[in-house]
Amino acid sequence: MNQSKIPLTSSELANLWMTYQEKTMIIRILEHFIEHADNEEKQLLQSHYNGAAKNVEMITSIFKQEGAVIPIGFTESDVHKGVPKLYDYMYDIMYLHMMTKVEMSLYALFTGMSYRKDIEDFFIGLTAESQAMNSQSTQFLLEKGVLVRPAYVSMPKEVNFVQDKNYMDGLNWFSETRSLNTVEVSLIHHAIETNLVGMQLMIGFAQVATDKEVQNYLVKGMKLSKKIEIDLGEFLRQSFIEPPATHAGKATTSKTAPFSDKLMMYNTSLLASFGLGSNALGGAFSLRSDLPAKMAFHAKDIFTFAQDGGKIMIKNGWMEEPPQIENRNQLTKGE
């Protein structure tokens with residue numbers, strides 16, 4: 001059967017719409033990064049930019065074929081050319097590394113929610129692209145000594161099963177808490193690494209936001225990222241592991257905005273959503289009771305933060321409404 005003859009499902013329409021928003025945002029941010037990048041970094045950034053532009057064209061073509069309105073997303077008006085760079089050494093690749101993690105998660109999810117073969121293939125391709133770019137950015141940052149690897153451990157020599165009923169305790173005042181296992185360490189390391197990059201993003205955004213309410217909100221985001229990084233870092237230190245840190249990727253002192261407040265708020269909202277998912281994953285796979293408890297506490301703060309951001313976006317007319325299901329109650333009302 002000709003796939004184009006099959007209408008898009010609600011989930012396919014929604015996921016294409018969300019991808020359009022994210023890709024048009026990435027394009028605008030990469031334009032600022034590319035303008036100030038060294039040649040070595042520019043090659044990676046330009047590659048992702050070209051891929052994003054091609055994918056936006058593909059989604060636009062699908063929407064036109066389906067008779068759907070093309071979303072606004074983010075346009076040239078959301079990036080300001082010729083302004084000083086907002087972030088210094090290697091932050092552009094660190095940002096790309098973080099955002100490709102978000103993309104890998106999104107597109108893998110969207111692939112599983114696709115039923116029309118051409119849409120499924122589209123998201124399979126996007127997943128592969130984001131995985132390849134994440135790998136390239138990872139190796140680039142490692143070669144430059146910017147990215148910190150997770151802690152090394154002794155290799156296990158035998159298989160063991162949990163015997164101690166206190167294995168899941170993390171809040172026991174009368175006995176020593178067990179060391180973290182490697183699953184827990186990996187999830188904590190991932191969360192700290194992401195929050196360090198996110199914190200610098202919020203610092204830069206807060207410096208250049210033109211709306212005072214937006215600026216105050218971004219400062220809250222900066223402080224929330226720092227709190228999460230400190231809290232989770234303490235779990236590693238209790239097991240005599242130093243949390244990840246880097247000398248690179250800081251915000252500059254520029255006070256001139258390269259991006260619109262609308263774009264900065266959307267990017268913050270996207271990362272808050274990703275943070276909620278990461279906290280849920282970390283809590284689900286941890287077998288020490290204190291770690292899920294701490295992550296649940298963080299999740300509550302992130303959720304409140306995300307809600308407050310949504311209110312600001314709505315107030316300023318920045319929240320583009322996703323395609324809606326038909327309102328049958330309204331349609332069936334008599335004249």
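**Close-up 1. A buried pair: glutamate 193 and lysine 101.** In this predicted model, glutamate 193 and lysine 101 are both buried. Their side chains meet in a salt bridge, with 2.4 Å from N to O. Glutamate 193 belongs to helix 5 (residues 182-208) and lysine 101 to helix 3, so the pair ties together parts of the chain that sit 92 residues apart in sequence. Keep an eye on glutamate 193, as Glu193 turns up again beside a cavity in the next view.

**Close-up 2. The second largest cavity, with Glu193 among its neighbours.** Here we look at a space of about 140 Å³. Its lining is made up of 13 residues, and those nearest the centre are Met94, Val146, Leu147, Glu193 and Thr246. Which helices supply at least two residues each to this lining? They are helix 3 and helix 5, and helix 5 has the largest share, with 4 residues. Sorted by class, the lining holds 9 nonpolar, 3 polar and 1 charged residues.

**Close-up 3. The largest cavity.** Searching the whole structure turns up 2 cavities of 30 Å³ or more, and the largest holds about 330 Å³ of space. Its lining counts 22 residues, with Asn195, Ser225, Leu271, Ala272 and Gly275 closest to the centre. Two or more lining residues come from each of helix 5, helix 6 (212-238), helix 7 (261-285) and helix 8. Which helix gives the most? That would be helix 7, with 7 residues. As for chemistry, 12 of the lining residues are nonpolar, 10 are polar and none is charged.

**Close-up 4. Arginine 116 and its two acidic partners.** Glu66, Arg116 and Asp118 are joined in a network of salt bridges. On one side, arginine 116 pairs with glutamate 66, and their closest N and O atoms are 2.9 Å apart. This pair links distant parts of the chain: arginine 116 is in the loop between helix 3 (91-112) and helix 4 (117-143), while glutamate 66 is in helix 2 (residues 39-66), 50 residues apart. On the other side, arginine 116 pairs with aspartate 118, where the closest N and O atoms are 2.8 Å apart. Across the structure, the count comes to 11 salt bridges.

**Close-up 5. The same trio, seen by exposure.** Is arginine 116 buried or exposed? With a relative accessible area of 2%, arginine 116 is buried, because the cut-off for buried is under 20%. Its two partners sit in the range between buried and exposed, which runs up to the 50% mark. Glutamate 66 has 28% relative accessibility, so it counts as partly exposed. Aspartate 118 comes in at 30%, so it is partly exposed too.

**Close-up 6. Helix 8, from end to end.** Helix 8 covers residues 290-315, which makes 26 residues. From its first C-alpha to its last, helix 8 reaches 38 Å, close to the 38 Å expected at 1.5 Å a residue. Its buried residues include Asp290 and Leu291, then Met295, His298, Ala299, Ile302 and Phe305. Further along, Gly309, Gly310, Ile312 and Met313 are buried as well. After the helix comes glycine 317, with a positive phi near 70°. Helix 8 has also appeared in an earlier view, as one of the elements giving two or more residues to the lining of the largest cavity.

Definitions and conventions. Residues are numbered from 1 along each chain as its sequence is written. This is a predicted model: local features need pLDDT of at least 70, side-chain atom pairs count only at pLDDT 80 or more; totals for chains, interfaces and linings use all residues. Side-chain values use heavy atoms; hydrogens and water are left out. The expected span of a helix is 1.5 Å times one less than its number of residues. Buried means under 20% relative accessible area, exposed over 50%, partly exposed in between (1.4 Å probe, protein chains only). A salt bridge is a side-chain nitrogen of Lys or Arg within 4 Å of a carboxyl oxygen of Asp or Glu. On a 1 Å grid over the protein atoms alone, a cavity is a set of points where a 1.4 Å probe fits but cannot get out, and a pocket is an open set with protein on both sides within 12 Å along at least five of seven lines; lining residues have an atom within 4 Å of a point. Grid points are joined across faces, edges and corners, and a volume is the space filled by probe spheres set on the points. Ala, Val, Leu, Ile, Met, Phe, Trp, Tyr, Cys and Pro count as nonpolar, Asp, Glu, Lys and Arg as charged, and the others, Gly among them, as polar.
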